Amino acid sequence: MAEPLLIAHRGASGARPEHTLEAYELAARWGADYLEPDLVATADGQLVARHENEISATTDIAERAEFADRRGTKVIDGVEVAGWFTEDLTLAELRTLRCRERLPALRPDNTAYDGQFTVPTLGEILDLRSRLSEELGRKIGLYPETKHPTYFRGIGLPLEEPLVAALTAAGLNRRDAPVFVQSFELGNLIALRRDLGLAVPTIFLAAEEGAPYDLESSGDPRTFADLLTPAGLAELARWVSGIGPHKDLVIGRSEDGSLAGPTPLVARAHAAGLAVHPWTFRRENEFLPTDLRQGTDPGAAGDVVAEIRAHLAAGVDGFFTDHPDLGVLARG
């Protein structure tokens, strides 16, 4: 049986500000199999790595007087969002900004790196992956997520075509390449495979509740829950290679918030021929089941190794973590 994949969620984001080359490199050196960049577009159509296209929490843009007039309010996937957005800056403008820790209250040590790192492009991440693969003597994979693809296509900055072009140019658009492309939307994963020539495996991400925005906005009544039924998984298997469910969909929580027993999801997905890569395992108490927390400080380190091991015992094929060093320990 293949060893479960260790996917560095936004890099080693428990130890460095997320989605920076420094976070990705540390993750690889700590033993991650895959580096996970979330991709959004700039005004000139360049793909860059940010958790969201609204960047006030992850860069110093709010303190930059020259961009004060760029602040605005938009509707993203049906939700009103205020702030500064990547699609309102050119790549050259974005590169003048500096990254900062997104969760300073929970990860105060990471704030020591605020102001040191730039927002990376997809091209830079691909180059880093190639360099580290050669240096470390093993294939470092890439696991990009298309963020808000319906929104970006709607404003004339589609993510899919430049992603396929970049993977092709890097020699990675092939079935056996160490790449997965993931999305919370189903339509763009279908289009990538059917219409745009993407050859690498794809992963459909699923939240605990709600529905994919592309389905919701088009009047399709299916929810994430519907797509994770046996019939839904069989339909997904026509288009994708696996699912990336929220971890609580694999092992639920008891009434007191403690870790409960496994759900049927892994067995159902495997029966449909789909891999299962749950997200996201973090060591801070804030994100852990109550029985695996240490003390009462939300930012204190609990026993995420035990949580990961429980999910591995439930049969998952890989997992996303902010702490790849602890992921290596959990995998054994």
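## Exercises on a predicted model

**Exercise 1.** How do strands β5 and β6 pair, and over how many bridges?

*Solution.* Start with the two stretches: β5 covers residues 72-76 and β6 covers residues 79-83. They pair in the antiparallel sense, over five bridges. For one of the pairs, take glycine 72, whose bridge partner in β6 is glycine 83. Now look at what joins the strands: β5 and β6 make a hairpin with two residues between them. In that turn, aspartate 77 has a positive phi of about 50°. Bear in mind as you go that this is a predicted model.

**Exercise 2.** What is the strand order in the open sheet of four strands, and which strands stand at its edges?

*Solution.* Some background helps here: strands of a sheet pair through backbone hydrogen bonds, either parallel or antiparallel. In this sheet the order is β7-β2-β1-β15, and the pairing is parallel. The edge strands are β7 (141-142) and β15 (318-321); each has a single partner strand, so one side of each is left without a neighbour in the sheet. Zoom in on one pair: β2, residues 34-36, joins β7 in the parallel sense over two bridges. There, leucine 35 has leucine 142 of β7 as its bridge partner.

**Exercise 3.** At what angle do α11 and α12 pack, and which residues make the contact?

*Solution.* First find the helices: α11 spans residues 304-313, and α12 spans residues 324-331. Their axes are 9 Å apart and meet at an angle of about 50°. That value makes α11 oblique to α12, and the crossing is right-handed. Next, pick out the residues in contact. From α11 come Val304, Val305, Ile308, Arg309 and Leu312. From α12 come Leu326, Gly327, Leu329, Ala330 and Arg331. Sorted by class, the contact holds seven nonpolar, one polar and two charged residues.

**Exercise 4.** Are α1 and α3 roughly parallel or roughly antiparallel, and what does their contact consist of?

*Solution.* Begin with the geometry: α1 and α3 (residues 122-136) pack at an angle of about 25°, and their axes are 11 Å apart. Angles under 35 degrees count as roughly parallel, and α1 and α3 are therefore roughly parallel to each other. The crossing of α1 past α3 is right-handed. Then list the partners. On the α1 side you have Leu21, Tyr24, Glu25, Ala28 and Arg29. On the α3 side you have Glu124, Ile125, Leu128, Arg131, Leu132, Glu135 and Leu136. The class count for this contact is seven nonpolar, no polar and five charged residues.

**Exercise 5.** Which residues does a cis peptide bond join, and where is histidine 19 found?

*Solution.* Recall the usual case: most residues other than glycine have a negative phi, and most peptide bonds are trans. The cis bond joins tryptophan 279 and threonine 280, with omega at about -20°. Threonine 280 lies in the loop between β14 (275-276) and α11. As for histidine 19, its phi is positive, about 55°, although this residue is not a glycine. Histidine 19 is in the loop between β1 (5-9) and α1 (21-29).

**Exercise 6.** How many helices and strands does the protein chain have, and what is its radius of gyration?

*Solution.* Count the elements: there are twelve helices and 15 strands. The radius of gyration is 19 Å, close to the 20 Å that the globule rule gives for 332 residues, so the chain is as compact as a globular protein of that length. Along its principal axes, the C-alpha trace spans about 55 × 50 × 45 Å.

How values were computed. Residues are numbered from 1 along each chain as its sequence is written. This is a predicted model: local features need pLDDT of at least 70, side-chain atom pairs count only at pLDDT 80 or more; totals for chains, interfaces and linings use all residues. Side-chain values use heavy atoms; hydrogens and water are left out. Two strands pair if DSSP finds at least two bridges between them. Axes are lines fitted to C-alpha atoms, for helices over the stretch in contact, and angles run from 0 to 180 degrees between N-to-C directions. Angles under 35 degrees count as roughly parallel, over 145 as roughly antiparallel, 65 to 115 as roughly perpendicular and the rest as oblique. A crossing is left-handed if the near helix is turned anticlockwise from the far one by less than a right angle, and right-handed if clockwise. Contact means heavy atoms within 4.5 Å. Ala, Val, Leu, Ile, Met, Phe, Trp, Tyr, Cys and Pro count as nonpolar, Asp, Glu, Lys and Arg as charged, and the others, Gly among them, as polar. The radius of gyration is taken over C-alpha atoms; the globule rule is 2.2 Å times the number of residues to the power 0.38.
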